[in-house]
Amino acid sequence: MMRVRSASAPAPGRAVNEDLVFRFGPLVGVLDGATVPEGFDTGCRHGPAWYVRHLAARLGLATAARPAATLMSSLAAAILAVRADHGGDCDLDHPGTPSSTVCLLRADGSEVDWLVLCDSPLVLDVGGRVDVIADDRLETAIADLRRTVATLPGNRPTTATAPTGSGGPWGCNGSG
């Protein structure tokens, strides 16, 4: 039996929660909207909260339409559908376009599938053994960038040019 517990609240100082936990039958997901720093253009009239709500709904529809599809395929279909939800009003090629980290788990009987994109890890308790599934590519990429910048004469990263955690704006872009 899969037991799901969750809690989520808006980030300090924010009125709207940009994160979402959902369950559609055997599919459970966590979406963590990537926030662009204040003052940066996004090319989009929608924000991360809108994006994660639409992505969750589209994931539910994609998995209901094709229950045997891979999680990667369902996520790709959901992202394409959310791109269409923008209605052509937004520059979806802009690097600041709303995006989200993704953590999905689908449990059916004795089979478990998961997909982890960016810095939303999955923690599984299977028979008393705890496993953490994480995507460390963002962390690795940031460390590589910082090492490269450190080797350049006279260059120091600023808050405007240094990638920051939690995906955005240069993080994991499940953009659309």
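## A walk through the chain

Of the 176 residues in the chain, 38% are buried. Keep in mind that this is a predicted model, so everything below describes the prediction as it stands.

Start with the overall layout. The chain has 3 helices and 6 strands. Reading from the N terminus, the order is β-β-α-α-β-β-β-β-α. Now for how the sequence comes together in space: take the contacts between residues at least 6 apart in sequence, and 58% of them join residues at least 24 apart. As for the surface, the chain exposes about 10,300 Å², and 56% of that area comes from carbon and sulfur atoms.

**Charged pairs**

Side chains of opposite charge can pair when their charged atoms come close. How many salt bridges does a search of the whole structure find? The count is 6. Three of them, including their N to O distances, are set out here.

| Arg | Asp | N to O distance |
|---|---|---|
| Arg129 | Asp131 | 2.4 Å |
| Arg137 | Asp135 | 2.6 Å |
| Arg147 | Asp144 | 2.2 Å |

The settings of these partners are worth a look. In the pair of Arg129 and Asp131, Arg129 is exposed, at a relative accessible area of 51%, while Asp131 counts as partly exposed at 25%. The pair of Asp135 and Arg137 brings together a buried residue and an exposed one: Asp135 has a relative accessible area of 13%, which is under the 20% cut-off and therefore buried, whereas Arg137 sits at 54% and counts as exposed.

Why are Arg147 and Asp144 separated by about one helical turn? Both belong to helix 3 (residues 137-151), and they are 3 residues apart in that helix, so about one turn lies between them. Their side chains meet in the salt bridge listed above. Asp144 itself is partly exposed, with a relative accessible area of 35%.

**Around Thr63**

Next stop is helix 1 (residues 48-65), which is where you'll find Thr63. Is Thr63 buried or exposed? Thr63 is buried, with a relative accessible area of 12%. Leaving aside residues up to four places away in sequence, Thr63 touches Leu27 and Ser74. There's also a link to the backbone: a polar atom of the Thr63 side chain lies 3.2 Å from the backbone oxygen of Gly60. Pro26 is another residue to compare with Thr63: the two are 37 residues apart in sequence, yet their C-alpha atoms are 9.6 Å apart in space.

**The aromatic pair**

A pair of aromatic rings is described by the distance of the centres and the angle of the planes. The structure holds 1 aromatic pair. The partners are Phe22 and Phe24, with ring centres 5.1 Å apart and planes at 35°, so the pair is tilted. That label follows because an angle under 30 degrees would count as stacked and one over 60 as edge-to-face. The two partners also fall into separate exposure classes: Phe22 is buried, with a relative accessible area of 8%, whereas Phe24 counts as partly exposed at 34%.

Methods
Residues are numbered from 1 along each chain as its sequence is written. This is a predicted model: local features need pLDDT of at least 70, side-chain atom pairs count only at pLDDT 80 or more; totals for chains, interfaces and linings use all residues. Side-chain values use heavy atoms; hydrogens and water are left out. Helices (H or I, at least four residues) and strands (E, at least two) are DSSP runs, numbered from the N terminus. Buried means under 20% relative accessible area, exposed over 50%, partly exposed in between (1.4 Å probe, protein chains only). Contact means heavy atoms within 4.5 Å. Accessible areas come from the Shrake-Rupley method with a 1.4 Å probe; for residues, only the protein chains shown count as cover. A salt bridge is a side-chain nitrogen of Lys or Arg within 4 Å of a carboxyl oxygen of Asp or Glu. A polar contact is a pair of N or O atoms within 3.5 Å; within protein, one must be able to donate a hydrogen and the other to accept it, and residues adjacent in sequence count only if both atoms are side-chain atoms. Rings of Phe, Tyr and Trp (its six-membered ring) pair if their centres lie within 6.5 Å; planes under 30 degrees apart count as stacked, over 60 as edge-to-face and the rest as tilted.
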